[in-house]
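User: Hi! I have a model open on my screen and would like a close look at one part of it. Could you walk me through that spot and then show me how it fits into the rest?

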Amino acid sequence: MNRRLATTAVSLLLLAATAATAAPAAVAATTPAAPPSTAEPAAAASDFGPVSVRGTGNTVLTASFHGFEGDPVQISVDARATTNTDPRSTAGHFHVRHVHTDGRLVADFEGDITCLAVGGREAIATGVVTKGEAPWFPGLELTGQKVALSMEDNGRRGDRMGWVWGVFGQPVSDCQGTVPFIRTTGGDFSVRG
């Protein structure tokens, strides 16, 4: 077969394949859509079983934390939910401790987890501070403020964690947070779900 004939044959085959795949789409476009099934969301939700995140992560703040570089921070979380899609099923507790390099307490607070979302090795747990102190920030009221904690479970390779503190005016919505942006220097998080 000469080159021109082979090129023409391939072009016709591609055109036929394009027409064959476009035809069902054209028919679907003229066919009225079926009403949404109420069974579909229920089936999708049943695919999400129990989820949890447990453990403690220690880290040392980097130079990007101006004025706090070198400070040790520890975050502990014990959160669980019966499903990954219903925040009302969430229960748990968190504790955060931040000490300055000179040994003075920056902040120490704890609270209840109000929402937990898990995706693969990562989890976001949001909660509300129930008690704590922040002597580094005189007059700062912690109780009742929202926090978002994020954890990435990397097993023996070192976990990551992140946080957003509503107490400093950063918005915190249930089950929304930041990526786990800082590597842990000790401890271990276990994310399941």
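Is Glu152 buried or exposed? Please start there and work outwards.

Analyst: Happy to. Keep in mind that this is a predicted model. Glu152 has a relative accessible area of 11%, so this residue is buried, the cut-off being under 20%.

Let's begin with its own strand. Glu152 is found in β6, and across from it, in β7, stands Arg160. The two strands run antiparallel and are joined by 6 bridges. Another of the matched positions is Val147, whose bridge partner in β7 is Trp165.

The side chain of Glu152 also has a polar partner: a contact of 3.0 Å joins it to the side chain of Asn154. If we set aside neighbours within four places in sequence, Glu152 touches Arg121, Glu122, Asp159, Arg160 and Pro180. Arg160 therefore turns up twice, as the residue opposite Glu152 in β7 and as one of the residues in contact with Glu152.

The partner strand deserves a look too. In β7, 5 of the 6 residues are buried, so the strand is largely enclosed by the rest of the structure. Besides its bridges to β6, β7 pairs with β8, again in the antiparallel sense, over 2 bridges. There, Met161 stands opposite Ile182 of β8.

Now step back to the sheet as a whole. It is an open sheet of 9 strands with antiparallel pairing, in the order β8-β7-β6-β5-β4-β3-β2-β1-β9. The edges are taken by β8 and β9 (186–192); each has a single partner strand, so one side of each is left without a neighbour in the sheet. Towards the β9 end, β1 and β9 pair over 7 antiparallel bridges, with Arg54 matched to Ser190 in β9. On to the next pair: 10 bridges join β1 to β2, which also run antiparallel, and Val60 stands opposite Pro72 in β2. Along the sequence, the strands come after the helices, in the pattern α-α-β-β-β-β-β-β-β-β-β, which adds up to 2 helices and 9 strands.

Next, the packing. In soluble globular proteins, nonpolar side chains tend to be buried together. Here the largest nonpolar core has 32 residues, and Phe94, Phe109, Leu116 and Leu149 have the most contacts inside it. At least two residues of this core come from each of β1, β2, β3 (90–99), β4, β5, β6, β7 and β9, so both the strand of Glu152 and its partner β7 are on that list of contributors. The largest share, 6 residues, is supplied by β4. Leu116 shows how far such contacts reach: leaving aside neighbours within four places in sequence, its contacts include Val51, Ala79, Thr90, Ile124 and Cys175.

Cys175 leads us to a covalent link. A search of the whole structure finds 1 disulfide, and it joins Cys115 to Cys175 with an S to S distance of 1.8 Å. Cys115 lies in β4 (residues 105–119) and Cys175 in the loop between β7 (160–165) and β8 (182–183), so the pair ties together parts that are 60 residues apart in sequence. The torsion about the S-S bond is about -100 degrees, so the disulfide is left-handed. Cys115 itself is buried, with a relative accessible area of 2%.

Aromatic residues are worth a stop as well. The structure holds 8 aromatic pairs. In one of them, Phe68 and Phe137 have ring centres 6.4 Å apart and planes at 45 degrees, so the pair is tilted. Phe68 sits in the loop between β1 (51–60) and β2 (72–81) and Phe137 in the loop between β5 (122–133) and β6 (146–152), so this pair ties together parts 69 residues apart in sequence. Phe68 counts as buried at 18% relative accessibility, whereas Phe137 is partly exposed at 25%. One aromatic cluster is formed by Phe65, Phe109, Trp163, Trp165 and Phe181; Trp165 is the β7 residue we met as the bridge partner of Val147.

Two totals round off the picture. Of the 193 residues in the protein, 34% are buried. Among contacts with a separation of 6 or more, 54% are between residues 24 or more positions apart. And back where we began, Glu152 is one of the buried residues, at 11%.

Conventions: Residues numbered from 1 in each chain as written. Predicted model: local features only at pLDDT ≥ 70, side-chain atom pairs only at ≥ 80, totals over all residues. Heavy atoms only, no water. Disulfide = S-S within 2.5 Å. Helix = DSSP H or I, 4+ residues; strand = E, 2+ residues; numbered from the N terminus. Buried < 20%, exposed > 50% of the residue type's maximum accessible area, 1.4 Å probe, protein only. Phe/Tyr/Trp six-rings, centres within 6.5 Å; stacked < 30°, edge-to-face > 60°. Pairing = 2+ DSSP bridges. Polar contact = N/O pair within 3.5 Å; in protein donor to acceptor, adjacent residues only side chain to side chain. Contact = heavy atoms within 4.5 Å. Core = buried A, V, L, I, M, F, W, Y, C linked by side-chain atoms within 4.5 Å.
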